[in-house]
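Student: Please take a close look at the main pocket of this model. I would like to see what lines it, and then how the surrounding parts are connected.

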Amino acid sequence: MKLIKIITNQIEEELEGAESYISMAIARKDDYPSLSKVLYDISLDEMRHVDLLHGEVVKLIEDYRRTKGEPPEAMMAVYEYLHEKHIKFAAQIKVLQAEYRK
């Protein structure tokens, strides 16, 4: 399903943004605390976007199942691979966000 691919790519972009913002926040925390906090907050927002988009992908898959039956195996294999990759990436970002809060 093309729409799932598009949204999955967007999830990846949001994760990359979250990582970029939290990395900048950590690097500038001592010298620019106010800017650093803004960057941290944006990183959190990007992660919220990831959660929202993921929820919509789940709905798309559920809708497909309800209307057409099981999605094609190949599509689900790719989705599961990318989903696992995104989970790992999100976990790394959350570690950085926790580091910022120390």
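Tutor: Helix 3 is the main contributor to the lining of the largest pocket, giving 7 residues. The model is a predicted one, and what follows should be read in that light. Helix 3 covers residues 73–101, and helix 1, helix 2 (33–68) and helix 3 each supply at least two residues of that lining. The lining has 13 residues in total, and V50, H54, H83, H86 and I87 are the ones that lie nearest the centre of the pocket. Sorted by class, 7 of the lining residues are nonpolar, 4 are polar and 2 are charged. The volume of this pocket is about 190 Å³.

From the pocket we can turn to the salt bridges, of which the structure holds 5. One of them joins the side chains of E12 and K85, with an N to O distance of 3.2 Å. E12 belongs to helix 1 and K85 to helix 3, so this pair ties together parts that are 73 residues apart in sequence. The two partners differ in their cover: E12 has a relative accessible area of 18% and is therefore buried, the cut-off being under 20%. K85, at 36% relative accessibility, counts as partly exposed.

Two further salt bridges belong to helix 2. In one, the side chains of K37 and D41 meet at 2.7 Å, N to O. K37 and D41 are 4 residues apart in helix 2, so about one helical turn separates them. K37 is partly exposed because its relative accessibility is 39%, and D41 is also partly exposed, at 29%. In the other, the side chains of E56 and K59 meet at 3.1 Å, again N to O. Here the spacing is 3 residues within helix 2, which means that E56 and K59 are likewise separated by about one helical turn. E56 has a relative accessible area of 40% and so is partly exposed.

D41 also gives a view across the chain. This residue lies in helix 2, and its C-alpha atom is 9.6 Å from that of Q97, although D41 and Q97 are 56 residues apart in sequence. Q97 falls within the range of helix 3, 73–101.

The loop between helix 2 and helix 3 contains G69. With a relative accessibility of 26%, G69 counts as partly exposed. G69 and K2 are 67 residues apart along the chain, and 17 Å separates their C-alpha atoms.

That leads to the start of the chain. M1 sits in the segment before helix 1, and helix 1 runs over residues 2–28. M1 counts as partly exposed because its relative accessibility is 40%. Together with L3 and I6, M1 forms a nonpolar patch on the surface, and the three have about 280 Å² of accessible area together.

To return to the pocket, its lining draws at least two residues from each of helix 1, helix 2 and helix 3, with helix 3 giving the most. Apart from that lining, helix 1 and helix 3 are also tied by the salt bridge of E12 and K85, while the pairs K37 and D41 and E56 and K59 each stay within helix 2.

Definitions and conventions
Residues are numbered from 1 along each chain as its sequence is written. This is a predicted model: local features need pLDDT of at least 70, side-chain atom pairs count only at pLDDT 80 or more; totals for chains, interfaces and linings use all residues. Side-chain values use heavy atoms; hydrogens and water are left out. Patches are made of residues with over 30% relative accessible area and no salt bridge: like charges are joined within 9 Å, nonpolar side chains (Val, Leu, Ile, Met, Phe, Trp, Tyr) within 5 Å. Accessible areas come from the Shrake-Rupley method with a 1.4 Å probe; for residues, only the protein chains shown count as cover. A salt bridge is a side-chain nitrogen of Lys or Arg within 4 Å of a carboxyl oxygen of Asp or Glu. Buried means under 20% relative accessible area, exposed over 50%, partly exposed in between (1.4 Å probe, protein chains only). On a 1 Å grid over the protein atoms alone, a cavity is a set of points where a 1.4 Å probe fits but cannot get out, and a pocket is an open set with protein on both sides within 12 Å along at least five of seven lines; lining residues have an atom within 4 Å of a point. Grid points are joined across faces, edges and corners, and a volume is the space filled by probe spheres set on the points. Ala, Val, Leu, Ile, Met, Phe, Trp, Tyr, Cys and Pro count as nonpolar, Asp, Glu, Lys and Arg as charged, and the others, Gly among them, as polar.
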